[in-house]
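The following report looks at a binding site, a metal site and the fold that accompanies them.

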Amino acid sequence: MSDDTWHQDAVIYQLHVKTFCDSNGDGIGDFRGLIGKLDYLQRLGVTCLWLLPFYESPLCDDGYDISHYERIHPDYGTMADVEAFLQEAHRRELRVITELVINHTSDQHPWFQAARHAPAGSAKRDFYVWSDTPARYAEARIIFSDAEDSNWTWDPVAGAYYWHRFFRHQPDLNFDNPHVRQAVLKVMRFWLDKGVDGLRLDAIAHLYERDGTSCDNLPETHALLKWMRTDMNGRYDKRVLLAEANQPPEELRAYFGDGDECHMAFHFPLVARLLAAFADADRTPIVEILERSTNLPGGCQWALFLRNHDDVSLSSLGARENDRLMAVYAPEERMRLHGGINRRLAPLLAHDPRRIEMAHALLLSLPGTPVIYYGDEIGMSDRLDLADRDGLRTPMQWNDSPGGGFTSGRPIIPLNDDPEWGVNGTNVARAVATPSSLLNRVTSMLTARRGHTAFGRGSLTFVETGDRAVLSFVRAHDNDAVLVVVNLSDRTAALELPLPGYAACHIAGCASGVDVRPAAEHGLTVALPAYGWSWSRLR
Ligand code: GLC
Ligand code: CA
């Protein structure tokens, strides 16, 4: 297995420094606190950490509004702390992916402040995208349409409108300006020089604007990515680019280029299909989307996730399905945001431990690199009373002490205080001590997964189960073949798989009621309890 393709075997853990652990009692998580929790992450069995933005920022979009790319937000520590963190993570063979947010900056960024005061047409003004009229690029979708009614905002200082695909305090950089391209390359090199192993390219679909287009996925954007990748390849080994683009699989695939753009891309459409499949106990949407997601260039891989720090959008399912499933998963208005569902994984699955475990069994066996959102491994819930997406981003729940083990002080970001799913009822200390806890189940899944390269690198072949509620597939790589069977329904399942001549050797599965064995000439018989799952090695 080549070290150059480490991302194919990786299991990524997504976290926010600010909400993970506070070392100095000021109520805000920091790098020193995170260092103290690396042993926990290593024991869990993840191999790579993805950190949400920790740069200097007015924090109007939780750090995705950067005011200095090469400085740390002082709440989280110093550059020396970041360097110590990288060293400590690497010492434990944990890789680190950080955010490269280049579509936009904060309006507090010195580039924007200089731009608005600079003469129209100057290189400084043209760091951003300006117009005399808000009518331009009208085909571009407004992403936060519940917060903004235009992608243009009037700036009285410049006497012109500036372009922004997200909040109005996040002006978009102008990639037609060669100075912008160089500035962004410098930021990329700065963090790669620090030793980060990969960069998540935030909002990467929206870099360029062209009349008469949606301003998404433009050829110019792909050319820029190839240019960045070439620079990266020329200077650094073993680093990866991870594309964040909420697009259909066909558009997403373009972000791999011919193996010369991104190494990984988040599979957004799969999340909506998983939720559809879970709601209806029907594997069909998962199978259909994965059949549209094959043939990636060598060394490229999907990044799979169940939930992340943003609302989940079901719009890729079409308007009718979107509305139907919104009613299932977000029946109340306060569960909805930016057109999507503002909930964590556990409440989406009704806090049913069998369903949450089954979802993880899929996340960890479908083709791609799994990404676990912090807290989902203990079944953490959300808070519906916090602004924007903050309810998905409450502090990690370590134990039932007053600060939840997150802080010895007063948490600046409120903890989840629900009696059952908040810090008192749901926390790491309790999960560690409970043999059947989700945490212990996920930990053992990750242990089992490590023994088989097929999970990360294998081909995908669906197996007919004769039951729409049961999804089965084989992942095969070299001499390793793993059979996965998952029951999406609340009924027990008994079926025969057409795999004549094979024997199945148990790797991992739900706690009880699972049985996979050869049946005379037909293949394998499988029995699964409600929401049961099984991984076995095929011989
Ligand atoms: C990405 C981030 C999201 C942020 C947006 C604007 O979608 O995931 O949290 O608000 O970009 O930067
Ligand atoms: Ca702190």
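An oxygen atom of ligand 1 lies 2.7 Å from an N or O atom in the side chain of His104, in a model that is predicted. Two further side chains make polar contacts with an oxygen atom of ligand 1, namely Arg200 at 3.1 Å and Asp310 at 2.5 Å; the table sets out these distances.

| Side chain | Partner | Distance |
|---|---|---|
| His104 | oxygen atom of ligand 1 | 2.7 Å |
| Arg200 | oxygen atom of ligand 1 | 3.1 Å |
| Asp310 | oxygen atom of ligand 1 | 2.5 Å |

Ligand 1 is surrounded by 13 residues, of which the closest are Asp61, His104, Asp202, His309 and Asp310.

The calcium ion (ligand 2) is coordinated at 2.2 to 2.4 Å by Asp22 (OD), Asn24 (OD1), Asp26 (OD) and Asp30 (OD), together with Ile28 through O. Along the chain, the donors of this calcium ion follow the spacing D-x1-N-x1-D-x1-I-x1-D. Of these donors, Asp22 counts as buried because its relative accessible area is 7%, whereas Asp26, with a relative accessible area of 30%, is partly exposed.

As for the fold, eight strands close into a barrel with parallel pairing, in the order S1-S2-S5-S9-S10-S11-S12-S15, and the twist from one strand to the next averages 25 degrees. Within this barrel, strand S9 (residues 198-201) pairs in the parallel sense with strand S10 (residues 240-243) over four bridges, and Leu199 has Leu241 in S10 as its bridge partner. Helix H7 (residues 219-235) lies across S9, S10 and strand S5 (95-100), and runs at about 160 degrees to S10.

Methods:
Residues are numbered from 1 along each chain as its sequence is written. Chains are lettered from A and ligands numbered from 1 in the order in which they are written. This is a predicted model: local features need pLDDT of at least 70, side-chain atom pairs count only at pLDDT 80 or more; totals for chains, interfaces and linings use all residues. Side-chain values use heavy atoms; hydrogens and water are left out. Two strands pair if DSSP finds at least two bridges between them. Helices (H or I, at least four residues) and strands (E, at least two) are DSSP runs, numbered from the N terminus. Axes are lines fitted to C-alpha atoms, for helices over the stretch in contact, and angles run from 0 to 180 degrees between N-to-C directions. Contact means heavy atoms within 4.5 Å. Donors are N, O and S atoms within 2.8 Å of the metal (3.2 Å for Na, K and Ca); water is not among the atoms, so sites may look incomplete. Buried means under 20% relative accessible area, exposed over 50%, partly exposed in between (1.4 Å probe, protein chains only). A residue is near a molecule or strand if one of its heavy atoms lies within 4 Å of it. A polar contact is a pair of N or O atoms within 3.5 Å; within protein, one must be able to donate a hydrogen and the other to accept it, and residues adjacent in sequence count only if both atoms are side-chain atoms.
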